[in-house]
Amino acid sequence: FVAALGFLKWYLEIMAADAAGVVVKELRSTYTSGRTKSYEWRVSQLDALLRIATRHEREIVEALRSDLNKPEIEAFSHEISAVATSCRLAIKELHRWMAPEKAKTSILSFPSSAEIIAEPLGVVLVISTWNYPFMLSLDPVVGAIAAGNAVVLKPSEVAPAMSATLAKLLGQYMDASAVKVVEGAAPETTMLLEQKWDKIFYTGSSKVGRIILAAAAKHLTPVVLELGGKCPAVVDPNTNLKVTARRIIAGKWGCNNGQTCVSPDYVITTKDYASKLIEALSRELEVLYGKNPLESKDLSSIINSDHFDRLMKLLNDVSSEKIVHGGQCDRANLKIGPTIMLDVAGDSVIMKEEVFGPLLPIITVDKIRESFSVINGKEKPLAAYVFSNDKNLTEDFIRSISAGSITTNDTALQFAERGLPFGGVGESGMGAYHGKFSFDAFSHRKAVLRRGFRCDVAARYPPYNANKQRL
Ligand code: NAD
């Protein structure tokens, strides 16, 4: 029986590997035909993506409700309208993005002219995650298509309703010989990773990011890794307390109940100010989510029982007297209310691992500038926030902290700015996208030097002599 099971597993693996190979072969043949390179094809596919986002709003909202119980407003603003905005921007700017860029030349190649041409990379793989399963799947696809590539999207199996919705809608609207969805979990992704890609764009944990990078190395495939980390929010006592509290809440619990890569992961403030900050956060949380947040329709559920249990472990590792707000949970409905902890130990699990949920530890320092060394003592975060009226402190924070992005006096909004590159640094990732940066992420900037046959300078040819060397 064991041998038969082993054979079946081996057979299924061969079939899956074969299926992945067939998909890549078909896409490569389309890419080689040149079809995906034309302006017209790119715009038609971007327009199809836009129609998916605008004509199927209800279906998308329902899938997000089924996977995450995501509030409708968050579904619209963080997912549907984000994708529609990216499509509209790419369609509007595509001519400009595709235009060759003039470059300067020197006396060395006189007479000549030079330009940089954005060339598609070929057949690319987008591997996505579950927390914004519509937006984080399609936003990179917008960049891949705008740049003229054939693309395979592998959505996250952890958000199964959205994975199925994407497979259905992309199958219905997109050019099937150039844009495909392959559903599945780690085994299917492993099969895809065995193929040769011209770029892999991965969003997810750093742990799997390392697997992706190792697989890509085999084929010398370039990667973008959009990973996570512990995003700090520093609150200076010289701040606007009410607005600070509301904006921390918006970026934490108002973004998928903290299951967001750019949500504040922990807060640092001074010992003297902590109680005021906690009071303000508690007051605003009650105004926004009511006395019993588990009943609020405006708070996403935890994605699944594994993640629920992971978060409960983080919570239970902290002694109960440190929990200064919340702590309510309901496993049957996968709900955890906004929870704040004060002065948890620096070596506790919650201060080591990314929280990625509704728990917010606050740690305190004597002087606010000590927060810089606390942050710099950890891996480089995807985002870092500072709340302060003090311009010197803010500027020093921007200069001293290395992070994927920094936002002052707000949280998470940098993600929505299409004029800014979005990506991590160090442990939080490599490469960036959004707007024109997405186009660049999926393009090769080909250097072209144009020369004629005039001015064929003898000095560059042998026989070499001392006079030539001086030239
Ligand atoms: P996940 O479980 O959905 O995994 C991400 C993808 O990796 C999925 O498509 C999954 O099928 C695939 N995968 C999982 N295990 C694999 C394996 N062993 N081999 C190959 N592929 C595998 O998502 P996750 O990892 O739980 O994502 C959460 C993390 O993602 C957090 O750290 C978060 O901060 C980060 N994140 C980053 C961004 C960003 O834009 N930087 C956005 C969202 C989430």
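Leu334 is partly exposed, because 17 other C-beta atoms lie within 10 Å of its own; on this scale a residue is buried if 20 or more other C-beta atoms lie within 10 Å, exposed if 12 or fewer, and partly exposed in between, with C-beta atoms placed from the backbone. Although Leu334 is not a glycine, its phi is positive, about 55 degrees, and its place is the loop between β11 (329-330) and β12 (335-336). Helices (H or I, at least four residues) and strands (E, at least two) are DSSP runs, numbered from the N terminus.

The model is a predicted one, in which local features need pLDDT of at least 70 and side-chain atom pairs count only at pLDDT 80 or more, while totals for chains, interfaces and linings use all residues. Residues are numbered from 1 along each chain as its sequence is written.

A second leucine, Leu220, also has a positive phi of about 55 degrees without being a glycine, and it sits in the loop between α8 and β7. Leu220 counts as exposed because it has 7 C-beta neighbours inside 10 Å. Two cis peptide bonds can be described alongside these leucines. One runs from Phe110 to Pro111, with omega near -5 degrees, and Pro111 belongs to the loop between β1 (101-103) and β2 (112-120). The other joins Pro462 and Pro463, with omega about 0 degrees, and Pro463 falls in the loop between β18 (443-451) and α16 (466-470).

Taken as a whole, the protein contains 16 helices and 18 strands, and buried residues make up 44% of its 471 residues. Its radius of gyration is 25 Å, which agrees with the value near 23 Å that a compact globule of 471 residues would have; the radius is taken over C-alpha atoms, and the globule rule is 2.2 Å times the number of residues to the power 0.38.

Where is the chain enclosed? Strand β15 (residues 383-387) offers a case, since 5 of its 5 residues are buried and it is therefore largely enclosed by the rest of the structure. In a regular strand the side chains alternate between the two faces of the sheet. In β15 both faces are covered, with Ala383, Tyr385 and Phe387 buried on one side and Ala384 and Val386 buried on the other. Strand β8 (residues 232-235) runs parallel to β15 and is joined to it by 3 bridges, two strands being paired if DSSP finds at least two bridges between them. Val386 of β15 is the bridge partner of Val234, and in β16 its bridge partner is Thr408. β15 and β16 (residues 405-408) pair in the parallel sense over 4 bridges. From β15 the chain passes through helix α14 (residues 391-400) to β16 in a right-handed β-α-β crossover, meaning that, with the strands pointing away from the viewer, the path from the first strand over the helix to the second runs clockwise.

Elsewhere, an open sheet of 6 strands follows the order β5-β4-β3-β6-β7-β17, with mixed pairing. Its edge strands, each pairing on one side only, are β5 (179-181) and β17 (429-430). Within this sheet, β6 (residues 199-203) and β7 (residues 223-226) pair in the parallel sense over 4 bridges, and Tyr202 stands opposite Leu225 in β7.

Around the ligand there are 28 residues, of which Ser156, Gly204, Ser205, Gly228 and Cys261 come nearest; a residue is near a molecule or strand if its C-beta atom, placed from the backbone, lies within 6 Å of it. The elements giving two or more residues to this shell are α7 (186-194) and α8 (206-218), and α7 provides the largest share, 3 residues.
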